[in-house]
Amino acid sequence: MVLVKHLPPDGAVQRQIHGESAEWSITDHLLAATVDHLAVSNWMFQCVNTGEDDETPDPPKPVPRPGITDEDGEERDDDSAEEAAGPAVSPSALARFFG
């Protein structure tokens with residue numbers, strides 16, 4: 001058990017256990033969250049600055065995250081994927097990252 005616990009997070013054992021999500025580091029998750037928040041910010045700015053008679057733009061789609069699937073086992077690319085992406089990085093991992 002100790003050997004498996006101390007193997008590298010991007011190693012073959014972790015990929016076998018966690019699948020594609022093992023390839024994403026905390027930095028990758030934070031970068032995807034930053035891109036999503038910037039896209040939402042730009043979308044909100046565009047919505048606020050359109051005329052009352054203009055059609056509102058479609059909201060942006062979040063960056064696809066590994067390991068987030070729907071009930072049928074297919075990768076999700078809709079708005080619910082952003083909500084489900086939260087637990088992919090644990091709060092303790094983020095706390096260690098930010099020190």
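Here are some questions and answers about this predicted model.

Q: What makes Lys61 count as exposed?
A: Its relative accessible area is 63%. Exposed means over 50%, so Lys61 earns the label with that 63%. You'll find Lys61 in the loop between helix H3 (26-48) and helix H4 (79-84). The C-alpha atoms of Lys61 and Val40 are 8.9 Å apart, and the two residues sit 21 places from each other along the chain.

Q: Why is Ser21 called partly exposed?
A: Ser21 has 26% relative accessibility. Buried needs under 20% and exposed needs over 50%, so a value of 26% falls in between, and Ser21 is partly exposed. Ser21 belongs to the loop between helix H2 (12-18) and H3. Its C-alpha atom is 4.8 Å from that of Pro66, though these two are 45 residues apart along the chain.

Q: How do you know that Asp36 and Arg65 form a salt bridge?
A: Look at the closest N and O atoms of Asp36 and Arg65: they are 2.4 Å apart. The cut-off is within 4 Å, so the pair of Asp36 and Arg65, at 2.4 Å, passes. Side chains of opposite charge can pair when their charged atoms come close. Searching the whole structure turns up one salt bridge.

Q: What makes this pair a tie between parts that are 29 residues apart in sequence?
A: Asp36 lies in helix H3, while Arg65 lies in the loop between H3 and H4, so the pair ties those parts together.

Q: Are Asp36 and Arg65 buried or exposed?
A: Asp36 has 6% relative accessibility, and Arg65 has a relative accessible area of 9%. Buried means under 20%, so Asp36 is buried, and so is Arg65. In H3, His29 and Ala32 are buried along with Asp36.

Q: How do you know that the span of H3 is close to the expected one?
A: H3 has 23 residues, and from its first C-alpha to its last it reaches 33 Å. At 1.5 Å a residue, the expected value is 33 Å too, so the two are close.

Q: Which element has the lowest mean pLDDT, and which the highest?
A: H4 has the lowest, at 47, and H3 the highest, at 91. Over residues 77-82, pLDDT stays under 50, and the model has eight contacts beyond four places in sequence for that stretch. For the chain, the mean pLDDT is 74, with 65% of its residues reaching 70 or more.

Terms used: Residues are numbered from 1 along each chain as its sequence is written. This is a predicted model: local features need pLDDT of at least 70, side-chain atom pairs count only at pLDDT 80 or more; totals for chains, interfaces and linings use all residues. Side-chain values use heavy atoms; hydrogens and water are left out. Helices (H or I, at least four residues) and strands (E, at least two) are DSSP runs, numbered from the N terminus. Buried means under 20% relative accessible area, exposed over 50%, partly exposed in between (1.4 Å probe, protein chains only). pLDDT is the predictor's confidence in each residue, from 0 to 100. Contact means heavy atoms within 4.5 Å. A salt bridge is a side-chain nitrogen of Lys or Arg within 4 Å of a carboxyl oxygen of Asp or Glu.
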